[in-house]
Number of protein chains: 2
Amino acid sequence: MTTPGDGSADQVVLALDVGGTHIKAAVMATDGTVVDTADAATGAERGPDAVVENILALAATLTERHRPVAAGVAVPGVVDEGAGICTFAANLGWREVPIQRWVEEELAIPVALGHDVRAGGLAEARLGAGRGCRSFLFVPVGTGIAAAIVLDGRTLLGGHGGAGELGHLVVRSDGEPCGCGNLGCLETLASASAVARRYHRATGERVTAEEVARRAEADDQAAMGVWHDAVDALADGLAATVTLLDPRRVVLGGGLARAGRSLFGPLRTALAARLTFQTLPEVVPAALGHRAGSLGAGLLALDLWQARRGARRPGAAPQLYAVPGQGLRPRGEER
Amino acid sequence: MTTPGDGSADQVVLALDVGGTHIKAAVMATDGTVVDTADAATGAERGPDAVVENILALAATLTERHRPVAAGVAVPGVVDEGAGICTFAANLGWREVPIQRWVEEELAIPVALGHDVRAGGLAEARLGAGRGCRSFLFVPVGTGIAAAIVLDGRTLLGGHGGAGELGHLVVRSDGEPCGCGNLGCLETLASASAVARRYHRATGERVTAEEVARRAEADDQAAMGVWHDAVDALADGLAATVTLLDPRRVVLGGGLARAGRSLFGPLRTALAARLTFQTLPEVVPAALGHRAGSLGAGLLALDLWQARRGARRPGAAPQLYAVPGQGLRPRGEER
């Protein structure tokens with residue numbers, strides 16, 4: 001990504017991935033190498049303003065240390081990437097937070113805003129398990145389940161920034177209540193939290209989803225029941241998604257994917273059993289782990305910086321793509 | 001679409017929409033006006049070769065009469081638009097039919113191949129109920145149910161040309177067998193054929209889906225049951241699609257949409273009841289009726305003709321978009 005002799009090799013961008021419990025920060029060189037990382041608590045329990053303060057404090061510390069030329073911020077929830085606003089994020093207590101502008105004012109550098117899952121999908125597309133594939137889904141399965149729908153290296157936004165809410169496909173119409181207000185959403189059975197919660201309910205023991213998978217392999221009956229329900233529900237949700245979108249590859253990440261073979265073997269079988277005329281996509285683990293979101297935020301920052309640099313170069317051709325954070329069209333909808 | 005004085009005003013393209021029972025042909029001027037139409041039987045009951053012969057015969061007749069400069073052919077099934085091949089079409093008995101090349105050889109003009117529903121979506125996008133909307137679904141509900149997913153004026157192909165198979169979302173896991181081999185696909189309850197078939201089974205009477213809707217309004221109990229099941233199933237399928245794709249508008253066409261208010265009122269209510277955090281899209285009738293597919297085929301032909309003309313003009317810039325029928329990237333995947 002650098003041009004020899006243009007001095008960009010020394011320059012870095014700042015990446016922030018804001019999660020429900022932690023903010024993960026990375027400092028990324030223009031060739032994509034991560035040169036520093038730092039984490040901080042999100043602090044959502046102290047209210048929405050505390051989250052903003054924690055983001056700005058972490059950003060300021062790293063900015064002082066590394067002097068980044070641009071920053072990318074990935075947040076969960078409903079994100080209007082074009083306007084730079086987080087419309088709604090339950091985990092952060094946010095509604096209509098113009099976080100892009102606030103970070104920009106704090107750091108005095110250009111800032112790109114992205115959706116955490118779509119940013120993770122972008123990172124998997126360019127640096128991870130989606131490389132070489134023009135049509136794939138990135139599905140992190142953690143406390144919730146969402147999908148980044150990546151087509152031709154672009155992530156699909158939807159008409160209101162809400163595409164990819166795979167976790168809220170209703171897979172059991174008579175199922176458990178979901179936080180969204182519906183019954184039987186995929187998340188209520190197959191998120192890593194749901195697996196842990198359902199195993200706790202059955203046995204009184206608190207263990208991770210990965211451990212539930214391990215116990216299911218060791219013939220623990222309660223674990224087998226919970227794990228089977230999760231795989232079955234996930235196969236139902238993916239079958240619907242494959243029927244509508246026909247991806248070539250499904251890249252699974254998050255806590256559930258750490259179960260490895262216990263997940264991928266049964267899931268591939270269950271998905272294949274649900275498809276008739278549809279083409280079975282590859283189902284593979286994500287490559288970038290829990291850093292996908294911050295790597296994606298870094299890529300958004302690099303894209304923004306390179307676009308602005310290009311735009312400022314005298315005599316350069318006008319930029320043909322939208323620049324996040326400049327109030328132009330959202331990236332996912334560029335032509 | 002014409003440039004005054006360039007002589008293109010007199011030129012026309014040929015459009016062919018190949019359905020399970022009829023082939024609908026249209027002759028379209030470069031401004032999109034239809035100047036002639038003709039229909040022929042598909043003749044699938046006489047085998048796959050007969051279908052090809054009927055297409056070529058109808059195309060030859062209209063070509064002799066109008067001297068089109070290009071042709072577009074829309075076919076059902078799994079269509080590889082880039083390669084010009086219909087991979088599979090159950091209704092036509094086709095497997096791996098290189099129909100684009102065959103029509104091109106017969107007519108000696110450039111030919112574009114398209115998928116019937118995606119072509120219809122393209123026509124609704126440019127000429128019909130999708131105008132002014134950058135993110136919508138075109139859903140014809142006839143003998144089957146499919147969706148063209150239209151994003152930024154492009155229709156989504158999927159990784160293997162199979163995106164949009166809305167009719168095969170499983171909405172009742174214990175439901176009736178579907179032709180595809182699954183149980184409880186949306187098509188088994190909500191296609192116009194399914195509504196007619198289920199009413200016939202309940203009452204012994206053979207009437208259209210539109211008539212079933214009318215009788216349901218008139219408190220015919222059997223009709224009310226069948227119609228309610230259809231609307232409910234369609235709302236389930238659309239809710240899943242909205243959750244994944246977040247379209248701004250859903251454009252319904254086909255035989256079922258002819259029921260008008262009896263469909264749209266209850267469907268909007270049922271869809272709204274299924275959404276929690278998702279944004280309810282507009283649900284509106286298609287504007288182009290049963291000619292959407294042939295109009296779309298005509299648009300593909302016009303696009304192809306204009307691209308080739310542009311490419312041949314001395315000193316013209318290279319074409320930045322793929323040209324269907326030239327073996328380049330499929331249209332739906334251009335950048």
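In chain B of this predicted model, five strands come together as an open sheet, in the order S3-S2-S1-S4-S8, with mixed pairing. Strands of a sheet pair through backbone hydrogen bonds, either parallel or antiparallel. Which strands stand at the edges? They are strand S3 (34-41) and strand S8 (111-115) of chain B; each has a single partner strand, so one side of each is left without a neighbour in the sheet. On average, neighbouring strands of this sheet are turned by 15 degrees against each other, direction ignored.

Let's look at one pair up close. Strand S2 (residues 22-29) of chain B runs antiparallel to S3(B), and seven bridges join the two. Within S3(B), Asp36(B) is the bridge partner of Val27(B).

Two helices of chain B pack on this sheet. Helix H1 (residues 48-66) touches strand S1 (12-18), S2 and S3, and its direction makes about 160 degrees with that of S1(B). Helix H3 (residues 116-127) touches S1, strand S4 (71-75) and S8, and the direction of H3 makes about 100 degrees with that of S8(B).

Now for the cysteines. How many disulfides are there over all chains? The count comes to zero. A disulfide is a covalent bond between the sulfur atoms of two cysteines. Here is how two cysteines of chain B compare:

| Cysteine | Nearest cysteine sulfur | Relative accessibility |
|---|---|---|
| Cys180(B) | Cys185(B), 3.7 Å | 18%, buried |
| Cys185(B) | Cys180(B), 3.7 Å | 0%, buried |

Why is Cys180(B) in no disulfide? Its nearest cysteine sulfur, that of Cys185(B), is 3.7 Å away, and a disulfide needs the two sulfur atoms within 2.5 Å, so this pair does not count as one.

Technical notes
Residues numbered from 1 in each chain as written. Chains lettered and ligands numbered in written order. Predicted model: local features only at pLDDT ≥ 70, side-chain atom pairs only at ≥ 80, totals over all residues. Heavy atoms only, no water. Buried < 20%, exposed > 50% of the residue type's maximum accessible area, 1.4 Å probe, protein only. Pairing = 2+ DSSP bridges. Helix = DSSP H or I, 4+ residues; strand = E, 2+ residues; numbered from the N terminus. Axes fitted to C-alpha atoms, helices over the stretch in contact; angles between N-to-C directions. Contact = heavy atoms within 4.5 Å.
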